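Biologist: I have a new model open on my screen and would like to learn how to read it. Could you walk me through it, feature by feature?

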Amino acid sequence: MKAVRVTPAQRARADSLLAALRTHYPDAHCELAFTTPHELLVATILSAQSTDVGVNKATPALFARFPTPADYAKATPQEIEPYIRSLGFFRMKARALHESMKAVAERFGGEVPRTMEELLGLRGVARKTASVVLGNAYGINEGIPVDTHVQRLSVRLGLAPAGSTPGQIEQRLMALFPREQWCDLSHMIIWHGRRACKARCPAGGGCHDHPICREFGTGCECRAKRDRGGETSVKKKARRGKAKP
Ligand code: SF4
């Protein structure tokens with residue numbers, strides 16, 4: 001993959017953003033509940049298309065019934081399904097848990113591997129999941145997990161151009177931020193996305209006053225809308241009309 005180039009000014013801006021995120025979210029951390037690397041891997045596989053809150057409701061009973069990777073390996077996917085039925089795509093996820101844990105038990109002696117390459121060989125594990133596990137279970141910063149919040153906020157905070165793919169965003173963030181910060185960075189962006197800079201543009205415009213937005217929110221569609229004075233259909237028509245040659 002072609003290395004992304006960033007300017008010293010862009011890196012300095014990224015440093016300021018990192019400092020601002022640290023001030024606002026000093027306790028940001030992974031919000032999936034886990035106590036071991038394999039529990040984190042299981043929870044992260046389950047989190048695809050599901051909320052962390054939903055996953056955290058399902059996992060206590062799942063972890064109690066299957067305490068080790070070998071326990072998932074011994075069970076059939078059908079025996080795993082009832083524990084995760086509340087989550088989307090539960091049949092597919094039950095198969096992924098069975099097969100990935102079987103591989104962990106049989107090929108890696110029951111220990112979740114510590115390299116991106118080995119993790120990517122497990123069923124249900126793509127780069128985002130592997131980065132979450134490496135960063136949060138082992139403190140290894142190998143990539144930056146780009147979920148829906150990181151994707152949205154990277155554009156709004158002017159870190160990546162609109163329309164960038166998750167892969168392009170990850171490359172850009174890796175070029176902008178120091179490696180040892182990658183895991184924390186993803187948590188802080190996710191916390192900001194969950195608590196302040198949400199997907200839906202706020203009706204009252206409250207979030208525009210957030211200090212992080214005021215300083216860094218250069219690529220936000222909500223902000224652009226607010227700056228145009230709101231988008232009533234009458235105003236929108238007038239703006240379009242004026243724009244015509
Ligand atoms: S205006 Fe709101 S939604 Fe847009 S970047 Fe600022 S905080 Fe985020």
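**Reading the helices and their surroundings**

Modeller: Gladly! Let us begin with one helix: the buried residues of H3 are Val55, Thr59 and Leu62. Please keep in mind that this is a predicted model.

Biologist: What covers the buried residues of H3?

Modeller: Helices H2 and H5 are among the elements that cover them.

Biologist: How do I read the length of H3, and where does H3 have a kink?

Modeller: For length, compare the end-to-end reach with the expected span. H3 has 14 residues and reaches 20 Å from its first C-alpha to its last, close to the 20 Å expected. For a kink, look at the local bend: in H3 there is one of about 40 degrees at threonine 59, shortly before proline 60. Thr59 is also one of the buried residues of this helix.

Biologist: Let me try the length test on H6. What is its reach?

Modeller: H6 runs over residues 90–107, and its 18 residues reach 25 Å, close to the 26 Å expected.

Biologist: Which residues of H6 are buried, and what covers them?

Modeller: Burial here is a count of neighbours: a residue is buried if 20 or more other C-beta atoms lie within 10 Å of its own. In H6 that gives Phe90, Lys93, Ala94, Ala96, Leu97, His98, Ser100, Met101 and Val104. Their cover includes helix H2 (37–46), helix H4 (69–74) and helix H5 (77–84).

Biologist: I have seen positive phi values in this chain. Which residue after H6 has one?

Modeller: That is glycine 109, which follows H6 with a positive phi near 60 degrees. Glycine 109 sits in the loop between H6 and helix H7 (116–120). It counts as exposed because 9 other C-beta atoms lie within 10 Å. Its C-alpha is 9.5 Å from that of proline 69, although the two are 40 residues apart in sequence.

Biologist: Which residues other than glycine have a positive phi?

Modeller: Two to look at are glutamine 49, with a phi of about 60 degrees, and phenylalanine 89, with a phi near 55 degrees. Glutamine 49 lies in the loop between H2 and H3, whereas phenylalanine 89 lies in the loop between H5 and H6. Glutamine 49 is exposed, because its count is 11 other C-beta atoms within 10 Å. Phenylalanine 89 has 14 such neighbours, so it counts as partly exposed.

Biologist: Now the interior. Which residues of the largest nonpolar core touch the most other members?

Modeller: A core is read as a network of buried nonpolar residues, so you look for its best-connected members. Here the largest core has 29 residues, and Ile45, Leu46, Ile84, Leu97 and Val133 touch the most other members. H2, helix H3 (52–65), H5, H6 and helix H8 (127–138) each supply at least two residues of this core. There is also a second, separate core of 24 residues, which includes Ala14, Val150, Leu176 and Leu185.

Biologist: With which residues is valine 133 in contact?

Modeller: Leaving aside neighbours within four places in sequence, valine 133 is in contact with Pro37, Leu40, Leu41, Thr44, Val112 and Leu119.

Biologist: Is phenylalanine 216 buried or exposed, and which residues does it touch?

Modeller: Phenylalanine 216 belongs to helix H12. It is buried, because 21 other C-beta atoms lie within 10 Å. Not counting residues up to four places away in sequence, phenylalanine 216 touches Leu17, Leu157 and Gly158. For contrast, try arginine 200, in the loop between helix H11 (182–195) and helix H12 (211–216). Arginine 200 has 6 C-beta neighbours inside 10 Å, so it counts as exposed.

Biologist: Which residues are around the ligand?

Modeller: They are Arg156, Ala196, Cys197, Cys207, His208, His210, Cys213, Gly217, Cys220, Cys222 and Arg223. This shell divides into six nonpolar, three polar and two charged residues.

Biologist: To finish, how many helices and strands are there, and what percentage of residues is buried?

Modeller: The chain has 14 helices and zero strands. Of its 245 residues, 33% count as buried. The C-alpha atoms fill a box of roughly 70 × 40 × 35 Å along the principal axes. Among contacts between residues at least 6 apart in sequence, 59% join residues at least 24 apart.

How values were computed:
Residues are numbered from 1 along each chain as its sequence is written. This is a predicted model: local features need pLDDT of at least 70, side-chain atom pairs count only at pLDDT 80 or more; totals for chains, interfaces and linings use all residues. A residue is near a molecule or strand if its C-beta atom, placed from the backbone, lies within 6 Å of it. Ala, Val, Leu, Ile, Met, Phe, Trp, Tyr, Cys and Pro count as nonpolar, Asp, Glu, Lys and Arg as charged, and the others, Gly among them, as polar. Helices (H or I, at least four residues) and strands (E, at least two) are DSSP runs, numbered from the N terminus. The expected span of a helix is 1.5 Å times one less than its number of residues. A residue is buried if 20 or more other C-beta atoms lie within 10 Å of its own, exposed if 12 or fewer, and partly exposed in between; C-beta atoms are placed from the backbone. Two residues are in contact if their C-beta atoms, placed from the backbone, lie within 7 Å. A nonpolar core is a set of buried Ala, Val, Leu, Ile, Met, Phe, Trp, Tyr and Cys residues joined through C-beta atoms within 7 Å. The bend at a residue is the angle between axes fitted to the seven residues ending there and the seven starting there.
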